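User: Could you walk me through this model and show how each label is earned? I would like to see the value set against its definition every time.

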2 protein chains.
Amino acid sequence: MARAATTSDVFNAIAEPQRREILVLLRAGERPVTELAGELGMTQPRASKHLRVLRAVGLVRDRKAGRQRMYGLDARGLRPVHEWAGGFELFWNESFDRLDAYVQDLKQARQEE
Amino acid sequence: MARAATTSDVFNAIAEPQRREILVLLRAGERPVTELAGELGMTQPRASKHLRVLRAVGLVRDRKAGRQRMYGLDARGLRPVHEWAGGFELFWNESFDRLDAYVQDLKQARQEE
DNA sequence: TTGACGCATGCCGATATAGGCATATGATGT
DNA sequence: ACATCATATGCCTATATCGGCATGCGTCAA
């Protein structure tokens, strides 16, 4: 088996640094492909391909505007990522008091099963 | 070029669902490889390989304990992920008032350059 | 020492990638 | 109809993956 498709998952889609850059840029508003490519210093086909992936996972929406195609952000898919990572907040804070409490809770929960 | 190495980046490391599961499990405390494998229904070599990746990006620490090897969480590396995704909160909330304000700010900032 | 256990690794196969370049597709204006 | 601009795609190369299976390596117990 190979690695999961970049289009299988938001987590996979944002594993690519340039795709993350695209998303960041799009926070400032819709943009056509060429402009994105220019601002990020990448070729147009490259930008198009990344956008294709982002579109596939729903992080980006496109709209035809004359002979251009405007790409806009749809960040809803990033919420699960934020929440998932947020589930580790107690741990990276290394607040071991609370961490201890958490582990104690878990142990108790187990015994009560 | 191929896809970036899973060990190049925390974003790449957590692109794998099973690795995410491992991290979640480890919140409840250190565990030896076999136990992890058992709880997640995967073979031992598979678990070991995933742990190797997680270790490479620093999301996991290991400690020798007799003939076992205990793996523990080190979630600090997940903080950047949380923060990056958090940077899109305004957008997935679709609070377009604030979004508008944000975009206006950007425009103004540009003009003032 | 010998055996058993816990884990890491190596090799293989199948697959999907990212990027480059050329080109197809589509809409626009003349 | 035609030339042009904006994008999307296709093909190709090199690479890194994930999973399975067998096996190597270190540790402990008898």
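User: Which residues of α4(B) are called buried, and what makes them so?

Analyst: Happy to help! A word on the ground rules: this is a predicted model, in which local features need pLDDT of at least 70, side-chain atom pairs count only at pLDDT 80 or more, and totals for chains, interfaces and linings use all residues. Residues are numbered from 1 along each chain as its sequence is written, while chains are lettered from A and ligands numbered from 1 in the order in which they are written. Now, a residue is buried if 20 or more other C-beta atoms, placed from the backbone, lie within 10 Å of its own. In α4(B), the buried residues are B:Ala47, B:His50, B:Leu51 and B:Leu54. They lie on the same side of α4(B), because they cover an arc of only 100° around the axis, an arc being that of the directions from the helix axis to the C-beta atoms.

User: What do the buried residues of α4(B) pack against?

Analyst: Their partners are α1 (10–13), α2 (17–26), α3 (33–40), β2 (60–65) and β3 (68–73) of chain B. Contact here asks for C-beta atoms, placed from the backbone, within 7 Å. Helices (H or I, at least four residues) and strands (E, at least two) are DSSP runs, numbered from the N terminus.

User: How do you know that the span of helix α4 of chain B agrees with its length?

Analyst: The expected span is 1.5 Å times one less than the number of residues. For the 13 residues of α4 (44–56) that gives 18 Å, and the end C-alpha atoms are 18 Å apart, so the two agree.

User: Why are chains A and B said to be related as by a two-fold rotation axis?

Analyst: Copies are superposed by least squares on the C-alpha atoms of residues with pLDDT of at least 70 in both. A turn of 180° and a shift of 0.0 Å along the axis lay chain B on chain A with an RMSD of 0.0 Å. The copies are thus related as by a two-fold rotation axis. In chain B, the C-alpha of B:His82 is nearest the axis, 2.5 Å from it.

User: What makes you say that the copies meet through the same surface?

Analyst: Of the interface residues of chain B, 96% are also interface residues in chain A, so the surface is the same. The contact takes 23 residues from each of chain B and chain A. On the side of chain B that touches chain A, α5(B) gives the largest share, 6 residues.

Note on methods:
Contact = placed C-beta atoms within 7 Å. Buried ≥ 20, exposed ≤ 12 C-beta atoms within 10 Å, placed from the backbone.
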